[in-house]
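Visitor: I have a new structure open and would like a guided tour. Could you take my questions one at a time?

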Amino acid sequence: MSENRKFNAGRQSEQLYNEELFKMYESIRTLLMIPENDEPGPESNLHGALWLDLAKNELNYYNKELSTWDIIFRDKFRIVDRMMNQFPPDRPVHGQLWINQDVLMYYNGMQWKPIKALMQDGSQINLATFEDFLIMSPLHPPGNTVVNDDEEGILDTENKSQFLVPNVDAGKFFNAREYRHEYEEINKVTIQYPKDKLKDRVQSWVHVNPGKITNITKRLFKVDKYAQRLHVDPYNTEFYGFRRESPFGHFLRPGNEEDGDYFVDPDGMYLSYNAAQSFDYVLAVTYEFSWIKSTGRLNRTSSDRITTSYYVGGFGGPINVFVEGYDLENRYYHYDTITETLDISDPDMDKDLELSIIRAIDREYGLIRERTLDGKGIIRMRKKYKNPLVFVNGQALHSSLGDVEINNEEGIILVNGGRRDMSYCIMELEDVKNDINMFVRTGRVEEIVNYQGVIRIDDFENRIPEEDGIILFVDGLLIRKEDVVRDYNDGSITVNGLERGQEYILLHDKHHALQYDESNLHSALVTGRVDESLLFMNEYLLCNDTAVVTSRTEEEETKDAANGEIKLFLEPFQDMMEGEFKIWNEYDKRWDPLDDDTLQAVKTISFSYENGLNAITVNIEHDDNDFFDVFAYNFANTIEKPLIIESFTANNESEFPIRHHFIPGANSLQVYLDGVRQYDYAVTEYLDGSGFRIRQPFTGRVTYIIEHPEGGAQKASTREVLDHTKVLSGSSNVYRTNISLYPGRVTVFASGLRQPQDSYVILDNHTIMFKDRETRLIGSPDNFPIENVRKKDGTIVELNRSQPDDILVEVRQQFDKEERTITVKDVDAYEIDIMEHDLPPDIIEAADEILIFINGVFTGLRSGVGYNKDRSKGAITILDGNYIELMNNDPLYKLFMLDIDKHFQWQQRNGGKPYEPKINNKVTLEWR
C-alpha cells in the first residue's frame, strides 16, 4: 500500500492548488478592467497584479506598498520615456534622449548635448552645428596652402591657411594664447590667416551663440601653484590667465594632461603645470543660455584710435565744448545722444573741455551697489523726494518715462538696465517750502512743424517768462541754452534737429540753478545698449569689476564659492569704490582678507574698464597705437521697458497718488477696480503723471499697469470705446471703429472684462464682429436674474434687467507679444501646466510680466510675488491665494447664497433642483 501512496492528492493538496490558482487569478483579473469614475486604476489587493491601461496602451503592475499602479519597465525605458516633452526631463539618467526643438539630444551625465553626425572628412565645423557654446581647439585647416591674386591680378605669394568656423560674426579666433582680430573673412564660415604666423602655435576658435545668451558670469580666482585644481564648472566657460603685475588676460586652451593649458575632470578643471606656473590668477567667463528664446544680440565694436572719443562719466548733460572760452565749431565735434559719447575731429584742438554739472534744489550722489533679481539697479535714497530727476552715468532719467521707479516708502529707486557701480545723482525738482517747482512735463515729441519737432506748452508766457531759464533734456541729454528756441506766439519750443518720437524732460529754471563745471573725460567705445561685454586690448582680454564686485553677504556667497575665489563685498550705503576684498579659503571654510600684494594685483586686473548704459569706458592708460575690440552682448531676456504692475486696497477713496510715474495722454496707464478695467472716461490722469482719480469713491482692490511707449512710439497703444452707436446697421454684433485695427495687435474689453481672441473676428481695418455668447465672458442672461417688481397699480411683473456693453478696443504695435486663452476646470490647481494646456513653451522664458485674466478679471499677479515661472516643471506656479478664490467664482451662485428668495424663484423655474455652481474658468495669458 505504501508504494501506491500519493501525497499530491487529498484535501490539503487541493487547498494548496486553490491558493496558487487564486493568486494567478488575482494577478490577471484586473488586466482588461476599465476604471470607473476617473479612478487612476482598478481596485486590487495583490502586489504585482497586472493592468493594461487601454487609454494609454501601457502595461502596469500594482504597487501595494504605495497603493498605486506603476508602469512596468519604467526605469528601463526611462531613456526614451519623455523624449517628446517640450521641456528638458527632470532627473535625467545617463544616455536619456530628448528632442529639443527638432534636435535630438542625449544626457551625458552632466548636461544635454546634441546628437550629431560627422561628415566624411570629419571637419570640426560639423561639431558646432547645434552648439550654443564650443571651444574648437586645435582648429585644423581643412585644405592645403592658399595663394591669392590681389586686385590687379598680381600673384600674392604669401602662404595662407583657411579655417572653417561656425559663425565669423559671433566667434573669437586665438593663435596660441593671443586673441587675433586681423584674420581675413572669406565668408561667414571661413577665415584666412598668414601661414608663417601660425607655425609652431596652436589655433583655437571660441563659438558663442549670442541669440540665446541670458547671462554672463565672471569669476576671478587666485592660482594655487601647488594644487592646480579649480572647482568651477568648465562647461560653457572660457578661461583666461592673468599675471599679478598686468591687466592683460591670456586665453587658456583646453586639452589633456599633456597638451593644453587645462583639462576637465568631474570636479572642475585642472590647470597644466606650465599654465599654473605662468599665471597667478584665472578669470572664468561662463555663459548661460535659454532653451527657447533666441532674441539676444551681439554688437561688435572695434577702433584703431579712440583717444578722440570720450564718455562723460558721473552725470551731466550734453557736452558744451569750449576752446579758450570760445564755442568749438559744430563741424569739429559730434555728440551721440544715445551713447553719451563725444567725438572730436579737430586734430589741433586743445583739451579745454567744459562739461555741465547740475546744481539743484537738493541733491545726492553715489554709486549703484545692488541689483534686483530681474536686473534693475537699486539706488537707496537718504531722504524723500517730491519729484526727483535721476542721472545714471550722465544720462537724465525721469520716472514718467519708465526708466526709473521711485519708491519713497521703501526709500529706493529702481533703474532699468542699471548695473553695479554706475554713478548716479538724484536732483530734486520741487521745493514746497520756497514754492519752487522746476518740473513742467515729460513726454515724446508728437508734432512736426516745417519739418521741425516742437513741444507745446500751455500758457507758455505766464508759465515760463522770457527772463526765466528753460532746461530741456532730449533722450536724456541736456540741450544748450542757446539751442532752445522759444516761440511765445505759437506757445512752443523747439531745438534744431528735434524729431518725432524723441523723449524729452522739460524743466523751468526760474533762478538759473544750473551751472557749467568741468568734469573728467574718459575714453569710450560706443556699443549701444549693453548687458555685459568682453573687451580685448592689443589682443589680450581686459577684466571689469563684475568679476569681483558683489552686493551679497559673505554667507550668501559661501554656498557658491570655490577655493581661491576673490570677491569685493560692498556695504549698502557707500558712495565711493570701497569695500572689503576677501578670498575664499576652502580648507577652513571662511573668507580671508587679502594680503597687500594680492590686493594690488586684483585692483590692477579687475578695474581696467566698465560698462555704461550704452558705451564702454576704458580706465587704463592707452594711446593712439592701441587696438580695442568689444563684444557687447544684449541678453535674450532683455526688453526695452518692462510693464509695471502694482495693487493696493482703497477704502472709500477716489484720489490715488502712486509711486510710479507715467506719461500723461500717452495711453500708458491702465486702471482696474477689483480686476475690472476702467475706461479713460472714468479715469482722470494727473498732469505730471504721478497719479489718477476716478469718478466715484471706491472700496476694494485697485490695480494699475504702466506701459511705456517703446521703439520711438508716441503712445503705448491707440484706444477707442465702442457703444450701441457704433453698431453696423442691420447687425447686432458688428461694430465700426474710427481707429485702424491693422497693423497691430488688438485686445478687447467688454464692460471692463478682457475678452478671449476667439470671441471676436476682425473683418477689415475698421470692422470687428463679436461671435455668439458662448465665446464671450459676459452677456449671459444668468448674470442678470429675473426680478419681481410691483407696479403702481399693485400688479407684479417680471423685470428682465440688462445693461448695454461698452467695448474698449486697443491696438498695439508690439508684435512680439503672444496671447492664449485656456480652460481650467480644476478649482484647486495652483499650477498651469504648459504641455497640458498646449501653451507655447516660450512663455516660461517670458521677459516681461505675464498678464493673467480669469474669466476676464485681471488678477494683478506679478512675477516672483504672485507667480513663478518654473522651467524644470514646465509650469507657471501661482503663489497668490486670491487666484484660487477667482477660480471658484460663480457670480450667480454667490448671489443665490446671499439671497435665498431669488434662489427659490430660480428653483421653481428650473424643476425644483438647487443651483449647482458652474466652474469652467477661461484663463487668458498675455506675455512677451
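Guide: Happy to; the questions below cover confidence, a sheet, the cores and some salt bridges.
Guide: This is a predicted model, in which local features need pLDDT of at least 70, side-chain atom pairs count only at pLDDT 80 or more, and totals for chains, interfaces and linings use all residues. Residues are numbered from 1 along each chain as its sequence is written, and side-chain values use heavy atoms, with hydrogens and water left out.

Visitor: What is the mean pLDDT of the protein?
Guide: pLDDT is the predictor's confidence in each residue, from 0 to 100. Residues 118–128 stay under 50, and residues 573–577 are also below 50. Still, 80% of the residues reach 70 or more, and the mean is 80.

Visitor: Which strands stand at the edges of the open sheet with the order 8-12-11?
Guide: Strands are DSSP runs (E, at least two residues), numbered from the N terminus, and two of them pair if DSSP finds at least two bridges between them. Pairing in this three-stranded sheet is antiparallel. A single partner strand leaves one side of an edge strand without a neighbour in the sheet, so the edges are strand 8 (160–164) and strand 11 (184–187).

Visitor: Which strand gives the largest share of the largest nonpolar core?
Guide: Such a core is a set of buried Ala, Val, Leu, Ile, Met, Phe, Trp, Tyr and Cys residues joined through side-chain atoms within 4.5 Å; buried means under 20% relative accessible area, exposed over 50%, and partly exposed in between (1.4 Å probe, protein chains only). The largest one has 53 residues, and Tyr-287 and Tyr-633 are among those with the most contacts inside it. Seven of its residues come from one strand, strand 20 (residues 281–289).

Visitor: Lys-218 forms a salt bridge with which residue?
Guide: A salt bridge is a side-chain nitrogen of Lys or Arg within 4 Å of a carboxyl oxygen of Asp or Glu. Lys-218 is buried, at 5% relative accessible area, and its partner is buried too, at 1%. The two are 314 residues apart in the chain, with their closest N and O atoms 3.7 Å apart, and the partner is Glu-532.

Visitor: Is Asp-680 buried or partly exposed?
Guide: Asp-680 belongs to a salt-bridge network that includes Arg-677 and Arg-719. In its pair with Arg-719, the closest N and O atoms are 2.8 Å apart, and Arg-719 is buried at 13%. Asp-680 has a relative accessible area of 40%, so it counts as partly exposed.

Note on methods
Helices (H or I, at least four residues) and strands (E, at least two) are DSSP runs, numbered from the N terminus. Contact means heavy atoms within 4.5 Å.
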